[in-house]
Amino acid sequence: MEKIASFTIDHIKLQPGVYVSRKDTVGAEVITTFDLRMTSPNEEPVMNTAEMHAIEHLGATFLRNHGEYGSKTIYFGPMGCRTGFYLLLAGEYSSRDILPLLVQMYEFIRDYRGQVPGASPKDCGNYLDINLPMANFLAEKYLDNVLYHIEESRLVYPQ
């Protein structure tokens with residue numbers, strides 16, 4: 001069986017950044033999948049599910065309500081390895097194209113206080129597994145260490 005594209009990336013060289021993981025065509029529409037890598041694979045501890053769950057709820061809420069990207073958002077959710085998130089957008093984009101959107105989203109997550117949207121037994125299958133303070137902390141870390149001063153090497157997968 002052939003390896004899928006995401007398993008061909010050298011995770012030893014991969015650092016936190018914003019990467020185009022793939023571009024697929026569905027009918028006439030291009031879907032761009034982004035790898036929002038928040039931690040260094042196999043070097044840093046992975047994120048815990050509770051903070052990832054909070055980031056997922058807040059990020060998805062922010063994206064679906066965004067004036068420009070709300071109708072273009074296909075999916076936002078965690079990677080199984082717990083080192084980041086995937087964002088799928090309808091349209092053909094580069095990593096640099098979406099940096100302003102990501103800064104807005106992660107600032108929203110960093111600054112969010114109160115009840116996490118969808119964190120109730122009626123709305124979520126695991127509503128108790130949410131850690132907002134850690135989500136705030138990790139969003140701030142990603143902004144400060146990656147998004148605010150991102151280098152070109154963090155926008156294209158390493159060779």
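In the predicted model, Y19 stands opposite D35 of strand 2. This pair belongs to the ladder between strand 1, residues 17-26, and strand 2, residues 29-37, where the two strands run antiparallel and are joined by nine bridges. Further along the ladder, D24 has I31 of strand 2 as its bridge partner. Strands 1 and 2 form a hairpin with two residues between them, and within this hairpin G27 adopts a positive phi near 65°.

Strand 2 also pairs with strand 4, which covers residues 84-90. The sense is again antiparallel, with seven bridges between strand 2 and strand 4. In this second pairing, R37 is placed opposite G84 of strand 4. Strand 2 thus has strand 1 as a partner and strand 4 as another. Eight of the nine residues in strand 2 are buried, that is, under 20% relative accessible area, so the strand is largely enclosed by the rest of the structure. In general, side chains of a regular strand alternate between the two faces of the sheet.

Over the whole chain, three helices and four strands are present. Their order along the sequence is β-β-α-β-β-α-α. The hairpin described above is made by strand 1 and strand 2, which correspond to the opening β-β of this pattern.

The overall dimensions were examined next. The C-alpha trace spans about 40 × 40 × 35 Å along the principal axes of the chain. The radius of gyration is 15 Å, and a compact globule of 159 residues would have a value near 15 Å, so the chain agrees with that expectation. Of the 159 residues, 47% count as buried. Among contacts with a sequence separation of 6 or more, 69% are between residues 24 or more positions apart.

The accessible surface of the chain amounts to about 8,500 Å². Carbon and sulfur atoms contribute 53% of this area. The charged side chains comprise 14 positive and 20 negative ones. The centre of the positive set and the centre of the negative set lie 2 Å apart.

Terms used:
Residues are numbered from 1 along each chain as its sequence is written. This is a predicted model: local features need pLDDT of at least 70, side-chain atom pairs count only at pLDDT 80 or more; totals for chains, interfaces and linings use all residues. Side-chain values use heavy atoms; hydrogens and water are left out. Two strands pair if DSSP finds at least two bridges between them. The radius of gyration is taken over C-alpha atoms; the globule rule is 2.2 Å times the number of residues to the power 0.38. Buried means under 20% relative accessible area, exposed over 50%, partly exposed in between (1.4 Å probe, protein chains only). Contact means heavy atoms within 4.5 Å. Accessible areas come from the Shrake-Rupley method with a 1.4 Å probe; for residues, only the protein chains shown count as cover. Lys and Arg count as positive and Asp and Glu as negative; His and the chain ends are not counted. The place of a charge is taken as NZ of Lys, CZ of Arg, CG of Asp or CD of Glu.
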